[in-house]
Amino acid sequence: LTGHQARSAPTRASQASPLRIGLVTPRFHPEVLGGAELLARWFAERLSLAGHQVEVLTTCALEMTWENVLRPGTERYGSYLVRRYRADRPDPKARGELEPLIRLGQRLSVQDEERWLRSGPASAAMERDLVRRGGEFDAVVGLPYLLGTTYFAFRAVPERFFLLPCLHNEPFAYMSTTARMLAQSQGLIFNTEPERDLARRIVPQLAPSAVVGLGFEPQVTGDPEAFRAKYGVRGPFAVYVGRLEHDKNVPLLIRYFTRYQERCGGNLELLLVGGGDVQPPPGGRIRKLAIDWADRDAMLAAASMLFQPSLNESFSIVMMQAWLCGAPVLVHARGDVLTYHCRRSNGGLWFANYPEFEEMVGRLERDEGLRRALGANGREYVRCEYGWPQVLERFEGAFSGWGVGRG
Amino acid sequence: MAEEHQLPVDQETRPPDPPGSPIVSIGADVDVRALVGQIQSEVARKVEAGLYPPELLMDIEAGNDPLGAALLALRDAAQFSRAAPTASGRARFSGVVSALKRVIAKALGWHTRWILDQVHTFGSNVVATSSATAELLREHDRALNRLRGQMTRLQSQVPVLDGAAPSAPDRPDTSAGSGENRSATLTGGGRSRQVERELDYLTFENRFRGSLEEISGRQSAYLELFRIAPGKVVDLGCGRGEFLGLLKTIGVPGYGVDMSEVMVASCRQRGLDVRREDLLDHLASVPEGSLGGIFCAQVLEHLDPADVIRFFDLAWVALADGGVLVVETLNPRSLATFTNALYVDLGHLRPLHPYTLTFLAEGAGFVDVHVRYSSPVPPEGRLKKLPATEDAALQPLVTLLNENLHQIDELLYGPQDFAVVARR
């Protein structure tokens, strides 16, 4: 279901029959800012505002240690309900034993894969409740694909389970339990076409699927100058926003940017915004910066460009936010989803190696007109494709097409 | 580029574009595919000129090849650090904690060294084995490419051999050259080429295709793609040689190939290097990887489907790595094509869809394959919008009608040509 098809769909979001949706996600709290968690929260808000009855089923954990810090029970978040269950005690022994084997691409038995999924996060209490109360929902939507909460929800209510996988090309995507969800869920909701292509490479006979994406508010707030004053950023800067991890290809970005400084000089600075283990080298023009979440838009509006070197994204929220703030984007050529957005939007460039990175950063640094044009194209793309009305229409169109909620 | 045309977002009358097609129509002066292509060409030029140190060349190789990238990452990961960080992030007692860490590190040094040495040996062996395996794979890849080239050439000879075989008793004597044999067959392509021999194409083009200046103006939009071609550029079916003239202006060496004797003579009079030969025969005869670029405008619609498929295979073999292919033809997604250009030329066999040519180019092994639309119908030839009305009750109807008119207009009078642009 592409944007073109969605625009020609006969019904509008508000006219679709209301659905009773259970949204299963491992952590749910305004303080939790991971991609899948944001996606869950935004969908819960928007679907409930559109008239659907939404209940979020989640654990009492805030951190990925899966320690139960929040109170079990129900809590109303505006127009929807959040029901928390105690997370099971994690099993680091099973995790330590099995995860290296999965990462090495070894095929485990289904029992061992389930043992790994059960090692955390999972919630037996949530599963029991889903078995008991599953009939109260038209659809139980689980996300993301690689966590026990999602998989065991699928096992509990397969007849009404829909997967919103947020799939990455990583060893976990090739487990047989993942393949089972991709083939046997009642429906699959993908963020982008390349994500669906990846799923098809893993399971040629996919369950019925739709590409929906995520919605964004067209208006951004924030004063770039106030950001500069508050954080002491004076000159031009590029920014990376996300986890500072090997899996996000951050060491490569640091290596390339350091080399760029050595070869080309200039006063462009690189700000790394996010938590994680990767550290910038001392003495260069790269620094880690901790910012208030509320200052994010102002920072992106002040930035000369956003770097997104990750190869494993199913959507990339930060790219959309950068574009809405008018910043051009530079991505890695092997990030299929990211280059897909760049090609469709005319709003970003992609590099395959250091010399291309050097040429592109140099041009963007020198050419303000190019930066503006790319940023403007990106902004228009997000507004046309990923406004909430379009996204909800695609979401509702998919469920209507699958015959969900018709009694 | 002036002729660049991108599909507006609200165009629902056309089939949905394949994933990755641009959907944003603003900022038409920025085409990220072209810009990335331009930057890749610039990097290729600098590599050629020896402007990069060896470690950057290694990086280029790794970036273009996932296996190379994995090896580079493996090499990085095999650089184990022997010294554990002993600094403390605590505000209080940080000196004491750091000192304690140093003592522990020293006390356990013999043990960690013993383990690390084994890990290091293991890591080095993994890197060495992986590098050797990768080199072996690359060698197999090169051999496979060579075989593929030979196979394509052999396949291109099959129709010629078929024509020479004395299987049909009533077949005429085919002692003439291979191009003549091809034209004498009763395939669609053969018929089309026979038409081209009979028709005075020079007079025909002068009357219907547009003046030399007009065509040069249109084709100049492709010139930038060939500026740093890694070798000579051939214009297949060069006609009056407009593109060859353009190549001359930027100092890019090029030559043309055309079947029409009159066209060839006309080009030579203007000092252009043009050979009279069948374009497929020519492609099959040039050394592998010897061409820097192939330009072929308004020709493929004259060929039969089997020849169109073979064209892309032969072009891939003939081009050098990084060589550019531009194939321009009529745009069947605009219905105006079917009332004018398609039927004016007696040599046209069938229009070709951009998706089909993209598919064939990708199938032949080309990369960065994309479509450029060009030759928009002038505004005076397109449907006009109704003016806004002051009558508030009528305005929604006017808006609706204008939206519908826009959709019909796009379907009827969309860009008249498109080109598939690709890189080997």
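In this predicted model, L100(B), I104(B) and L108(B) make a nonpolar surface patch of about 290 Å². Of these residues, I104(B) belongs to helix α4 of chain B, which covers residues 94-107. I104(B) is partly exposed, because its relative accessible area of 46% lies between the limits of 20% for buried and 50% for exposed residues. As a general point, an α-helix has 3.6 residues a turn, so residues three or four places apart point the same way.

A second helix of chain B, α13, runs over residues 305-318. Its 14 residues reach 20 Å from the first C-alpha to the last, close to the 20 Å expected at 1.5 Å a residue. Ten of the 14 residues of α13(B) are buried, so this helix is largely enclosed by the rest of the structure. The buried residues are D307(B), V308(B), R310(B), F311(B), F312(B), L314(B), A315(B), W316(B), V317(B) and A318(B).

Chain A is described next, beginning with its overall composition. Its secondary structure comes to 16 helices and 14 strands. Of the 407 residues in chain A, 60% are buried. Among contacts in chain A with a separation of 6 or more, 68% are between residues 24 or more positions apart. The chain exposes about 15,900 Å², and carbon and sulfur atoms supply 49% of that area.

Helix α10 of chain A comprises the 15 residues 250-264. At 1.5 Å a residue it should span 21 Å, and its end C-alpha atoms are 21 Å apart, which agrees. Buried positions in α10(A) are V250(A), L252(A), L253(A), I254(A), Y256(A), F257(A), R259(A), Y260(A) and Q261(A). Just after this helix, G265(A) takes a positive phi of about 65°.

The two helices with computed spans are set out below.

| Helix | Residues | End-to-end C-alpha distance | Expected span |
|---|---|---|---|
| α10(A) | 250-264 | 21 Å | 21 Å |
| α13(B) | 305-318 | 20 Å | 20 Å |

N249(A) is placed in the loop between β9 (237-241) and α10 of chain A. N249(A) has a relative accessible area of 16%, and it therefore counts as buried, the limit being under 20%. Leaving aside neighbours within four places in sequence, N249(A) is in contact with P309(A), S310(A), L311(A) and H332(A). One of these partners, P309(A), is 60 residues from N249(A) in sequence, yet their C-alpha atoms are 5.7 Å apart in space.

Conventions
Residues numbered from 1 in each chain as written. Chains lettered and ligands numbered in written order. Predicted model: local features only at pLDDT ≥ 70, side-chain atom pairs only at ≥ 80, totals over all residues. Heavy atoms only, no water. Helix = DSSP H or I, 4+ residues; strand = E, 2+ residues; numbered from the N terminus. Expected span 1.5 Å × (residues − 1). Buried < 20%, exposed > 50% of the residue type's maximum accessible area, 1.4 Å probe, protein only. Contact = heavy atoms within 4.5 Å. Patch = residues over 30% accessible without salt bridge, like charges linked within 9 Å, V, L, I, M, F, W, Y side chains within 5 Å. Areas by Shrake-Rupley, 256 points an atom, 1.4 Å probe, with all protein chains shown as cover. Salt bridge = Lys/Arg side-chain N within 4 Å of Asp/Glu carboxyl O.
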